[in-house]
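Grab a pencil and work through these exercises with the model open beside you. Try each task before you read its solution.

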Amino acid sequence: MVVFTSAFYAGSLFEHDPLQAQLLVDEFMESIEGIDGLGIFTHNLSLSLPMFIPGFGVAWGIFSGISTGYILSAIITLNPEVAISPLELLFLSPFGLLEITAYSLAGSRSFLLVYKMIQKVSIRPDARIVATEVGIVAGLLFAGGIIEYYMIEMAREAGIF
């Protein structure tokens, strides 16, 4: 959780010029045009599943955190009246809590599998645990996707997007 949060925060510290921020936000808005809660879930699940891969998952989680923070910093650049810090969004929004929990579970499993491999301990017995954790991550991200969709719709109605 600390690793993902740190990467997310580092990405959110990036300062954009308004033109660059507008281009990024326009691209982001185009990519989520017509997306619903199920689409958000599918997107977030596709980000989280590689995080279970031993070793690669940790690096992927860091990249995902930085990328998410980077886009959020562009949105904040264009909407300075939105007085919420990136970490507040991550830890105080219902979908943020669900997503950080899911990503942390996936990334930590990646680390634990690498640790076992370094210790020369078989990871075969972990297959059932990993399958259970994938199910938990999917459930968390499904709930988070539905909540995030409704919060995005409320932000659109408020004129933030």
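**Exercise 1: A pair of opposite charges**

In this predicted model, the side chains of Lys 116 and Asp 126 form a salt bridge, with N and O 2.8 Å apart. Work out where the two partners sit and how exposed each is.

*Solution.*
- Step 1: Check the distance. A salt bridge needs a side-chain nitrogen of Lys or Arg within 4 Å of a carboxyl oxygen of Asp or Glu, and the N-to-O distance here is 2.8 Å.
- Step 2: Place the partners. Lys 116 is in helix 6, while Asp 126 is in the loop between helix 6 and helix 7. They are ten residues apart, and the pair links distant parts of the chain.
- Step 3: Judge the exposure. Buried means under 20% relative accessible area, exposed means over 50%, and partly exposed is in between. Lys 116 has 27%, so call it partly exposed. Asp 126 has 4%, so that one is buried.

As background, side chains of opposite charge can pair when their charged atoms come close.

**Exercise 2: More salt bridges**

How many salt bridges does a search of the whole structure find? Describe the one between Arg 109 and Glu 133, then the one between Glu 153 and Arg 156.

*Solution.*
- Step 1: The search of the whole structure gives four salt bridges.
- Step 2: Take Arg 109 and Glu 133. Their closest N and O atoms are 2.7 Å apart. Arg 109 belongs to helix 6 and Glu 133 to helix 7 (residues 127–157), so this salt bridge ties together parts that are 24 residues apart in sequence. Both Arg 109 and Glu 133 are buried.
- Step 3: Now go to Glu 153 and Arg 156, whose side chains meet at 2.9 Å, N to O. Both lie in helix 7, three residues apart, which is about one turn of the helix. With 23% relative accessibility, Glu 153 is partly exposed; Arg 156, at 25%, is partly exposed too.
- Step 4: Look for shared partners. Arg 109, Lys 116, Asp 126 and Glu 133 are joined into one network by salt bridges that share partners.

**Exercise 3: Pairs of rings**

How many aromatic pairs are there? Decide whether the pair of Phe 4 and Tyr 103 is stacked, tilted or edge-to-face, and do likewise for Tyr 149 and Tyr 150.

*Solution.*
- Step 1: Two rings pair if their centres lie within 6.5 Å. By this rule there are six aromatic pairs.
- Step 2: For Phe 4 and Tyr 103, the centres are 5.3 Å apart and the planes are at 50 degrees. Planes under 30 degrees apart count as stacked and over 60 as edge-to-face, so this pair is tilted.
- Step 3: Find Phe 4 and Tyr 103 in the chain. Phe 4 is in helix 1 (residues 2–12) and Tyr 103 is in helix 6, 99 residues apart. Both Phe 4 and Tyr 103 are buried.
- Step 4: Tyr 149 and Tyr 150 have 5.1 Å centre to centre and 70 degrees between the planes, which makes the pair edge-to-face. Tyr 149 is partly exposed at 22%, whereas Tyr 150 is exposed at 52%.
- Step 5: Add a group of three: Phe 56, Trp 60 and Phe 63 form one aromatic cluster.

**Exercise 4: Side chains that reach back**

Which backbone oxygens do the side chains of Ser 104 and Thr 132 reach?

*Solution.*
- Step 1: Ser 104 sits in helix 6 (residues 94–118). A polar atom of the Ser 104 side chain lies 2.7 Å from the backbone oxygen of Ile 100. Ser 104 is buried, at 13% relative accessible area.
- Step 2: Thr 132 is in helix 7. The Thr 132 side chain reaches the backbone oxygen of Arg 128 at 2.9 Å. With a relative accessible area of 45%, Thr 132 is partly exposed.

**Exercise 5: An odd backbone angle**

Lys 120 is not a glycine; what is its phi, and where is it placed?

*Solution.*
- Step 1: Start with the general rule: most residues other than glycine have a negative phi.
- Step 2: Compare. Lys 120 has a positive phi of about 60 degrees.
- Step 3: Locate Lys 120: it is in the loop between helix 6 and helix 7, and at 75% relative accessibility it is exposed.

Methods:
Residues numbered from 1 in each chain as written. Predicted model: local features only at pLDDT ≥ 70, side-chain atom pairs only at ≥ 80, totals over all residues. Heavy atoms only, no water. Helix = DSSP H or I, 4+ residues; strand = E, 2+ residues; numbered from the N terminus. Buried < 20%, exposed > 50% of the residue type's maximum accessible area, 1.4 Å probe, protein only. Polar contact = N/O pair within 3.5 Å; in protein donor to acceptor, adjacent residues only side chain to side chain.
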